[in-house]
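Student: I have a structure open and I would like to learn how to read it. Can you take me through it, feature by feature?

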Amino acid sequence: MDFLEVVEKRKSVRKYSDRPVEKELLDAIVKVAQTAPSSRNSKSSAFMIVEDKDTLEALSQMRDYGASPLKSAQAGIVVMGDTSKTDLWVDNCAISATFIQLAVTAMDLVSCWIHINGRPCLKDQPDGKQAEDYVAGLLGIKEGLHPYCIIAIGYPEEEIPEK
């Protein structure tokens, strides 16, 4: 599949089959993400692969809206930014997450971007507990790394219609 076909084929998919995603594919996806451009080549993005179903279920509870695709996902890649490397970590994470989604598509998998950064756990309490704190605590993410998003990954539950 050439690049333009990958871009055209990519869609957000929120329901996944029970088929596990091969570890080799997940590792290859992270390698692609590590090639993403970053401000002054700071390489401020970091990645964590989550495959444990209980952990994915807990991550789906980080917000009362928009995180439910993690329930049926077979894997998630947490994209984090290192604030000690650059003040443009948010931008770098977004680029890295996009590379992940394109790599997923090129490998005949599907994905959905689950946003963390700046999102409250409860939609009607924007100044309450934040999804970033929930995720960092749940996954034991070290200080200085900020969870930006999770890309839910899997094989589609059903056939994806062509555009």
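## Reading the model step by step

Tutor: Start with Leu4, which lies in helix α1, residues 3-9. Keep in mind that this is a predicted model.

Student: Is Leu4 buried or exposed?

Tutor: Look at the relative accessible area. Exposed means over 50%. Leu4 has 64%, so it is exposed.

Student: Which residues make a nonpolar surface patch with Leu4?

Tutor: Phe3 and Val7 join Leu4 there. The patch covers about 330 Å².

Student: Now the inside. How many residues does the largest nonpolar core have?

Tutor: A nonpolar core is a set of buried nonpolar residues joined through their side chains. The largest one here has 23 residues. Met62, Leu70, Ile114 and Ile150 have the most contacts inside it.

Student: Which elements supply at least two residues of this core?

Tutor: Two helices and three strands do: α3 (53-59), α5 (131-139), β2 (75-82), β3 (110-115) and β4 (145-154). The largest share comes from α5, with four residues.

Student: What is Ile150 in contact with, leaving aside its neighbours within four places in sequence?

Tutor: Contacts show what a residue packs against. For Ile150 the list is Leu59, Met62, Leu70, Gly76, Ile77, Val78, Cys112, Trp113, Ile114 and Ile116. Apart from this core lies another, of 21 residues. Ile29, Cys93, Ala103 and Tyr148 are among them.

Student: Let me try a helix. Where is the place of Ile100?

Tutor: Ile100 is in helix α4, residues 89-106.

Student: Why does Ile100 count as buried?

Tutor: Buried means under 20% relative accessible area. Ile100 is at 0%, so it counts as buried. Leaving aside neighbours within four places in sequence, Ile100 is in contact with Ile29, Ala33, Phe47, Ile77, Val79 and Ile151.

Student: Which other residues of α4 are buried?

Tutor: Besides Ile100, they are Trp89, Asn92, Cys93, Ser96, Ala97, Gln101, Ala103, Val104 and Thr105. The buried residues of α4 pack against α1, α2 (23-33), β1 (45-50), β2, β3 and β4.

Student: What span should the 18 residues of α4 have?

Tutor: Use the rise of 1.5 Å a residue. The expected span is 26 Å, and the end C-alpha atoms are 26 Å apart, so the two agree.

Student: What separates the C-alpha atoms of Ile100 and Ile141?

Tutor: Sequence and space are two separate readings. Ile100 and Ile141 are 41 residues apart along the chain. Their C-alpha atoms are separated by 20 Å.

Student: On to charges. How many salt bridges does a search of the whole structure find?

Tutor: A salt bridge needs a side-chain nitrogen of Lys or Arg within 4 Å of a carboxyl oxygen of Asp or Glu. The search finds three. One of them joins the side chains of Lys9 and Asp108, at 2.6 Å, N to O.

Student: Which parts does the pair of Lys9 and Asp108 tie together?

Tutor: Lys9 lies in helix α1, and Asp108 in the loop between α4 and β3. The pair therefore ties together parts that are 99 residues apart in sequence. Lys9 is partly exposed, with a relative accessible area of 36%. Asp108 is partly exposed too, with 44%.

Student: What about Asp27 and Lys23?

Tutor: They form a salt bridge, the closest N and O atoms being 3.4 Å apart. Both sit in helix α2, four residues apart, so about one helical turn separates them. Asp27 is partly exposed at 33% relative accessibility, and Lys23 is partly exposed at 39%.

Student: Which side chains meet in a salt bridge at 3.5 Å, N to O?

Tutor: Those of Arg19 and Glu22. Arg19 is partly exposed, with a relative accessible area of 45%. Glu22 counts as partly exposed at 28%.

Student: Last topic: backbone angles. What is phi of Asp108?

Tutor: Check the sign, then the residue type. Phi of Asp108 is near 60 degrees, a positive value in a residue other than glycine. Asp108 follows α4.

Student: And where does Lys43 lie?

Tutor: Lys43 lies in the loop between α2 and β1. Its phi is positive, about 50 degrees, although Lys43 is not a glycine. At 34% relative accessibility, Lys43 counts as partly exposed.

Key. Residues numbered from 1 in each chain as written. Predicted model: local features only at pLDDT ≥ 70, side-chain atom pairs only at ≥ 80, totals over all residues. Heavy atoms only, no water. Patch = residues over 30% accessible without salt bridge, like charges linked within 9 Å, V, L, I, M, F, W, Y side chains within 5 Å. Areas by Shrake-Rupley, 256 points an atom, 1.4 Å probe, with all protein chains shown as cover. Buried < 20%, exposed > 50% of the residue type's maximum accessible area, 1.4 Å probe, protein only. Core = buried A, V, L, I, M, F, W, Y, C linked by side-chain atoms within 4.5 Å. Contact = heavy atoms within 4.5 Å. Expected span 1.5 Å × (residues − 1).
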